[in-house]
Amino acid sequence: MGSGRARLQVADLAYTYEGRTPTRALDGVTVEVGDDEFLAIVGPVGCGKTTFVRIVAGFLPPTRGTALCDGRPVAGPSPERGYVFQEEAIFPWMTVRQNLEFGLLAKGVPAPAREPIVGELLGLIGLQGYERAYPAELSTGMSKMVEVARVLATDPTLLLLDEPFGPLDAQTRARMQEALHAVWAHRRRTVVLVTHDVEEALWLADRIVVFSPRPGRVRAEVRVDLPRPRTLETRLAPAFTALKRVVWRELGLGEGSRA
Amino acid sequence: MVTAAASAPVRRALVALVALALLYGVVSEIGSRVLPRRIWMATHYIEDVELTPRYASLAEEAVFLVRAGILQASVLVSSGRVLAGVLLGAAVGLPLGLAMGRAAGLESLLGPWVAFFRFTPAFALLPLYVLWFGFGEGPRVGLIATAVAIVTLHGAFEGARRIPRVYLDAAASLGAGRVLVLRRLVLPAALPSLVSSVRIATALAWVTIVVAELIKPAMPSLGYLLALAGAYPRVPTIVVAIATTGVLVLVSDVAVLVAYRWATRWMRRRVG
C-alpha cells in the first residue's frame, strides 16, 4: 500500500502571505504521495497545512518550489484534483442531486450519462431518497459527505480533503470517518487529508506527515501499518496507541507533565 | 408549491386591508360629526363637503365610478404603465447590476454614475423627460423605468457581489466555466437580493406613476382621477382613488413576495 509511482510530487514548497507583516506559512516542504496512497498531514494550528493543500489544489501559486500532479505542474484549480473545503461549500440553492451533478455538468456530460453516476454516488454515501432534498434539510455531516461525493463524480486522480470534519462533534466525526473510509475502500485513489485530529489521521491514512509550527516544514513522517479494513478494534489496538504516542511526540506534546 | 407559498402573504395583506378599512370607518364616523362641512378654498367657500366621507358615500361613489367604467379603465391604464415601467427598468437594472457585481472593471467605470443617480429623486428628471419624450407615454413610463432601474441595479449588484468566495472556488475546482458559474451560482445566490429589490422598486413605481400622471393629466388614469377630484373637490372620489391605488400596491407587493418565497424555498427546512 502506498507504493508505486508518485501521483503528487511537491518539492521545496514555500509560501509567504504578503501584507504589512508578511507571514511565512510554508518553508521548503517536500512531500511525495504515491498512487492510491492515503496521506494525512497533521500539525498545530497555523502550521500552513491548509496553505499546502490550497497550493496543490491550484488556488494559490507557490512563492517558491514546485507541485507536480502526474508529472505536470499545477496551474490553477482543476477537476483532476478534487477539493473538499474546510468551510461548508455545498451549494445551498441546489438539491443533493444538482450538487452531485455539478462537476459532470461542467464537463458537458449529457443527462442520460449523468444518471447512473449520481445514482451510484447516492448509494455510496447512503443518501438514496434524499436526492431532491436541499442541503438545509441535511445534517452538517451528511452535507459534507455530499461534498466528498460531488468531487468524486468527475473521477479525480487526487482527492484533497482540508479538515473536512473540522466543526463536527466527536461521534459524528467518527461516523463520517467510517463513511469516508467506506467510500475510499470502494473507490481507491490518492488522498491528501489535512487534519488536526491525530486519531482521525491514524485511523484513515497509510502515512502521516507531521508539520512543524509556522513556518510549516516537514518535521516527521510516520508510516501507519495498521491492517485494513479498519474498524473499532483498530482504534483500540495497542499498535494504534503506540503510533498515537509517536505522532503526539512529534507534535511536541506529552512532555509537559513530567514531574 | 406556489399556492402554499402564497397563502401567508395573501392572508397578511387581507388582514391589513380589513384593519385599515375598519380604522377608516371609525375615523370617518368621528370626522363627519366634528369636522366643518363648509370650508374656505382659495377664493370662496365650498358648502356641504364631507372631509372624511362615510362608508355609504364611498360605496355610492365607487358604484358610480364602476358603472361609468372610469375606475376599471383607470386601474387598467395605470397598472399597465407600472408594469411596463417595472419590466423595462428591471430589464436594464438587473443585468447591469449583475455584470457590475461580477466585473471589477465595470464597477469602477459605472460606480460613480450609479451613486449619483441613486439619491437623485426620479421626479427631478421629470421636466427633462417631458422635453425629451414629449407629453405622451414616454416620460411616464420612462420615469418609472428609471426609478426601477436604479433600485434593481443596486439589488443585483449587492447580490452578485456578496456570493461567498468558497462557492466560486468550489465551482472552479469542479471545472465550471464562466457561463455555468453565472447561471448556476451567481444568479441563484443573488436571487433573494434581486427579488427584494424588485419588490422595493414596484412599490416605488406606484408612488412614481401617480405623480407622473399629474403632468398633463389624461383620462383614464388614477393620477387624473385624483387630480380631477381634487379640483372639484370631490372627497369620496379622492378616497376611492387612494384606496384603489393602495389595494393595487398591496396586490403587486404580494405577487412579488410570492415570487420571493419561491426563489428562496431552498433556505427553509421542510418539516417532516
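Here is a short tutorial chat about a predicted model with chains A and B.

Student: What should I know before I start reading?

Tutor: This is a predicted model, where local features need pLDDT of at least 70, side-chain atom pairs count only at pLDDT 80 or more, and totals for chains, interfaces and linings use all residues. Residues are numbered from 1 along each chain as its sequence is written, chains are lettered from A and ligands numbered from 1 in the order in which they are written, and side-chain values use heavy atoms, with hydrogens and water left out.

Student: How many residues does each chain bring to the contact?

Tutor: Contact means heavy atoms within 4.5 Å. Chain A brings 26 residues and chain B brings 21 residues.

Student: What area is buried between chain A and chain B?

Tutor: The size of an interface is often given as the accessible area lost when the parts come together. Buried area here is what two parts lose on being put together, summed over both, with a 1.4 Å probe. For chain A and chain B that comes to about 2,200 Å², with 68% from carbon and sulfur atoms. Trp93(A), Phe102(A) and Tyr134(A) supply 29% of the area that chain A buries against chain B, more than any other three residues.

Student: Which side chains meet in a salt bridge?

Tutor: The rule wants a side-chain nitrogen of Lys or Arg within 4 Å of a carboxyl oxygen of Asp or Glu. Across this interface it finds 1 salt bridge. Arg54(A) and Asp169(B) meet in a salt bridge at 3.2 Å, N to O.

Student: Which elements of chain A give two or more residues to the side that touches chain B?

Tutor: Helices (H or I, at least four residues) and strands (E, at least two) are DSSP runs, numbered from the N terminus. Here the elements are α2 (96-107) and α4 (140-152) of chain A. Of these, α2(A) gives the most, with 4 residues.

Student: How do β9(A) and β10(A) pair?

Tutor: Two strands pair if DSSP finds at least two bridges between them. Strand β9 (residues 207-211) and strand β10 (residues 218-223) of chain A run antiparallel over 5 bridges. One bridge partner of note: Val210(A) is matched with Ala220(A) in β10(A). A hairpin of 6 residues joins β9(A) to β10(A).

Student: And what does chain B have?

Tutor: Chain B has 10 helices and 2 strands. Its C-alpha trace spans about 80 × 55 × 30 Å along its principal axes. Of the 272 residues in chain B, 43% are buried, meaning under 20% relative accessible area (1.4 Å probe, protein chains only).

Key: Buried < 20%, exposed > 50% of the residue type's maximum accessible area, 1.4 Å probe, protein only.
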